Amino acid sequence: MPVKKDVHAHWRMGGITVDAVEDYIYSLLPERDEILAEMEAEAAERNVPIVGPAVARIFEQLALMIGAKTVFELGSAIGYSTIWWARAVGEAGRVYYTDSDPKNAEKARGYFERAGVASRITVLIGDALELLSEQKQPFDIIFNDVDKEDYPRVFRLAVPRVRKGGLFVTDNVLWSGRVAQPDPAEGTTKAILEFNRLIYSSPELFTTIMPIRDGVAVARKK
């Protein structure tokens, strides 16, 4: 079931790049397979947060570029990005899915099985930050997509758990452009602003924000 390229699903978000440019980017994307297309349709129908195919392709490319074999996701919902990571790490890789909602996890498990990547994924249910704090091994990639108020805490937890040369990747760092507002009063925006300052000022990281969809930060650990 190919996904329609002209569908303006909520997960596209917009507001960062010019609409026409955004449309052009999505028009170039190859059609996704049946599983991913179904997940995109479900996310649009149920208002489930997913990163969408333009950002997910970046994730897969990043993992392939550094030969990633271990990925820890902070916030996975129905597992859309999890599948992209799992395909990138290969049969010998391991991706950790986290979500606080057992119903999301059950839905994700079904998708993982159908996508043929269930054996590469460890499903963890609970608070993503607590689950990460329990991990002792370093990861090739840590992906951050939890509640935005928690982003500064995630920075302090995640960076020590990324291996040297690994990546700390974060979604929604431009927050529909609200980060550019003068003196924002809203707490979520303030948390993202603090987080962005942290990842750019950290001597351990080399950081770039990619202005695609809602802003993706890619930080390489030195």
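Which residue in strand 3 is the bridge partner of Tyr-97? In the predicted model, the bridge partner of Tyr-97 in strand 3 is Val-123. Strand 2, spanning residues 94-99, runs parallel to strand 3, and 5 bridges join the two.

These two strands belong to an open sheet of 7 strands, arranged in the order 3-2-1-4-5-7-6 with mixed pairing. The edges are occupied by strand 3 (121-125) and strand 6 (205-210). Each of these edge strands has a single partner strand, so one side of each is left without a neighbour in the sheet. On average, and with direction ignored, neighbouring strands of this sheet are turned by 15° against each other.

Helix 3, comprising residues 52-66, packs on the sheet and touches strand 4 (139-144), strand 5 (162-171), strand 6 and strand 7 (216-221). The direction of helix 3 makes about 180° with that of strand 5. Helix 4 lies across strand 1 (70-74), strand 2, strand 3 and strand 4. Relative to strand 2, helix 4 runs at about 170°.

Within helix 3, attention may be given to one residue, Leu-62. The relative accessible area of Leu-62 is 13%; because this value is under 20%, the residue is classed as buried. When neighbours within four places in sequence are left aside, Leu-62 is in contact with Leu-167, Val-169 and Val-218. Of the pair Leu-62 and Val-169, the C-alpha atoms are 9.6 Å apart in space, while the two residues are 107 residues apart in sequence.

The packing of helices was also examined. Two packed helices are described by the angle between their axes and by the distance between those axes. Helix 2 (residues 34-46) and helix 4 (residues 80-89) pack at an angle of about 155°, and their axes are 10 Å apart. Because angles over 145 degrees count as roughly antiparallel, helix 2 is roughly antiparallel to helix 4. The crossing of the two helices is left-handed. Helix 2 contributes Ile-35, Leu-36, Met-39 and Glu-40 to the contact, and helix 4 contributes Tyr-80, Ile-83, Trp-84 and Arg-87. By residue class, the contact of helix 2 with helix 4 consists of 6 nonpolar and 2 charged residues, with no polar residue. Helix 4 thus takes part in the packing against helix 2 and also lies across strands of the sheet, including strand 2 and strand 3.

Terms used: Residues numbered from 1 in each chain as written. Predicted model: local features only at pLDDT ≥ 70, side-chain atom pairs only at ≥ 80, totals over all residues. Heavy atoms only, no water. Axes fitted to C-alpha atoms, helices over the stretch in contact; angles between N-to-C directions. Helix = DSSP H or I, 4+ residues; strand = E, 2+ residues; numbered from the N terminus. Parallel < 35°, antiparallel > 145°, perpendicular 65-115°, else oblique. Left-handed = near helix turned anticlockwise from the far one by under 90°. Contact = heavy atoms within 4.5 Å. Nonpolar A, V, L, I, M, F, W, Y, C, P; charged D, E, K, R; others polar. Pairing = 2+ DSSP bridges. Buried < 20%, exposed > 50% of the residue type's maximum accessible area, 1.4 Å probe, protein only.
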